[in-house]
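Reader: I want to go through this model briskly. Can we start with the ligand and end with the cysteines?

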Amino acid sequence: MSTSCFDPLSRLRSVPWSALHGLAPVAAQALSLVLSGQPAERVLDRTLRAHRSLSRDQRQALAEAVFNVGLWRRRLGFLLGDPESPVPAFLYAFLHRLAGLPAGEAVRLSGVQAPLALVSEEPPSLALRWSLPDWLAEHFIREFGPAAEDFCAHLNVPGPITLRVNRLRTTREALGERLRSEGVETRPGALSPLALHIVGPRPNLYGLDSLREGLFEVQDEGSQLLGLLVEARPGETVLDLCSGAGGKTLQLGAAMENRGRLLAYDPDAERLDRLLQRCSRAGVSIVQVLRAPPEGVLADRVLVDAPCSELGSLRRGPDLRFRLDPASLSALPRVQRDILERAGRLVRPGGRLVYATCTVNRAENEEVVLGFLREVPGFRLVPPGAGWLDPSCVREGFLFCAPHLHGTDGFFAAVLERVVG
Ligand SMILES: C[S@@+](CC[C@H](N)C(=O)[O-])C[C@H]1O[C@@H](n2cnc3c(N)ncnc32)[C@H](O)[C@@H]1O
């Protein structure tokens, strides 16, 4: 029996499913690609480009069908009694049992010949209830215990679209007004003072002048907390050691009010190129991109936004969970520990080191940090965000936030200080 009160299926009631009429062959073609392992986002994009004359409702219904059948495939396989059932049967089972359409309507829209017999019992396992690979469901049970049910239910709805205001250009209030004038309603985030959540249907943000003018970036509220934990100040030397395309570098540059030195390193050269483009749009002028691993720096603050298994971001894509390789998880703690040790050598005495991930895996989170503290002398753990961070985001001395607790993606962070002397 499910113990989660949260119903991830309720949002499906407002989808205009009748717009799928006549589109069963198009849906079946897209779904067969998704169910055979192709990324749903890319398949949908190609499908919509090949059928440009579809109405708004048809596009919405098709997108929801492709994403949701892709997402719920394990539960649908259970309902059908055979995970190898034909693709239209998956669409039928989804429309009838999960989206709640009458059997006749589900037959008409899915392309099956007649109503299909579906299993009537509740799915007996967490993996089948929330449509996860068995190994991943077992992992979440180990991580969360009884709360795994609620966590997994929250993985089955897309997260909110959250913006981070660029304080170099505007304030959160002024940005909210500006977006309203562009037809986009927002509400302030409760955890990050920089966050605005989009209210209502997903807008085309990329068409907005406010984005082109660098007034905001799209960034999950939990991710914003990681950047805030660095507590970067104007005039300091700050190193972003896994900068990627610069989501947090931009945030750090704004916190530093464009004064001081902001060093960004990532082994992926293409991401560093994108970082530079984003800096110019956002007006961040103090970034120095490093094309080789930094040496000999003694920074006031170092951020390690480590490469990780990304289990905290699974709700961002309907099929990410099915493309994970459990073997790759076990290799990550070694890599993370190496990066953290390298980072430790680049922090000045009295300086701050923030280790962060977007995963829900103690082996990549607490265990990496506690192992580092045991074996590398001269660092201590400090309470994260003392004085400003909502206490609900602190677990056993670390930042921890998650969809079922905070409405954010899943994030972990440790704040360490290099002891003087
Ligand atoms: C979680 S992503 C960083 C996201 C980025 N900080 C942001 O906010 O957009 C992790 C990054 O670590 C980088 N990375 C992988 N191995 C690394 C290493 N040995 N040292 C530093 N960075 C590494 C990856 O290329 C990737 O861009």
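Author: The questions below take up the ligand site, one helix and the cysteines of this predicted model.

Reader: How many residues surround the ligand, and how do they split by class?

Author: The closest residues include Cys242, Lys248 and Asp305. In total, 16 residues surround the ligand. By class, the shell has 7 nonpolar, 3 polar and 6 charged residues.

Reader: Which residue has a side-chain N or O atom 2.9 Å from an oxygen atom of the ligand?

Author: Two contacts use the backbone instead. A polar backbone atom of Ser243 is 3.4 Å from a ligand nitrogen, and a backbone N or O atom of Cys242 lies 3.0 Å from a ligand nitrogen. The side-chain contact at 2.9 Å, to a ligand oxygen, comes from Lys248.

Reader: What share of the ligand's area does the protein bury?

Author: Taken alone, the ligand exposes 600 Å². Of that area, the protein buries 78%.

Reader: Which residues of helix H16 are buried?

Author: Helix H16 spans residues 366–375. The cover over its buried residues includes H15 and strands S9, S10, S11, S12 and S13. The buried residues are Glu366, Val368, Val369, Gly371 and Phe372.

Reader: Why does Cys401 form no disulfide with Cys393, and how many disulfides are counted?

Author: A disulfide needs two cysteine sulfur atoms within 2.5 Å. The closest cysteine sulfur to that of Cys401 is in Cys393, 5.5 Å away, so the pair is too far apart for a bond. The disulfide count is 0.

Reader: Is Cys401 buried or exposed?

Author: The cut-off for buried is under 20% relative accessible area. Cys401 has 0% relative accessibility, so Cys401 counts as buried.

Conventions
Residues are numbered from 1 along each chain as its sequence is written. This is a predicted model: local features need pLDDT of at least 70, side-chain atom pairs count only at pLDDT 80 or more; totals for chains, interfaces and linings use all residues. Side-chain values use heavy atoms; hydrogens and water are left out. A residue is near a molecule or strand if one of its heavy atoms lies within 4 Å of it. A polar contact is a pair of N or O atoms within 3.5 Å; within protein, one must be able to donate a hydrogen and the other to accept it, and residues adjacent in sequence count only if both atoms are side-chain atoms. Accessible areas come from the Shrake-Rupley method with a 1.4 Å probe; for residues, only the protein chains shown count as cover. Ala, Val, Leu, Ile, Met, Phe, Trp, Tyr, Cys and Pro count as nonpolar, Asp, Glu, Lys and Arg as charged, and the others, Gly among them, as polar. Buried means under 20% relative accessible area, exposed over 50%, partly exposed in between (1.4 Å probe, protein chains only). Helices (H or I, at least four residues) and strands (E, at least two) are DSSP runs, numbered from the N terminus. Contact means heavy atoms within 4.5 Å.
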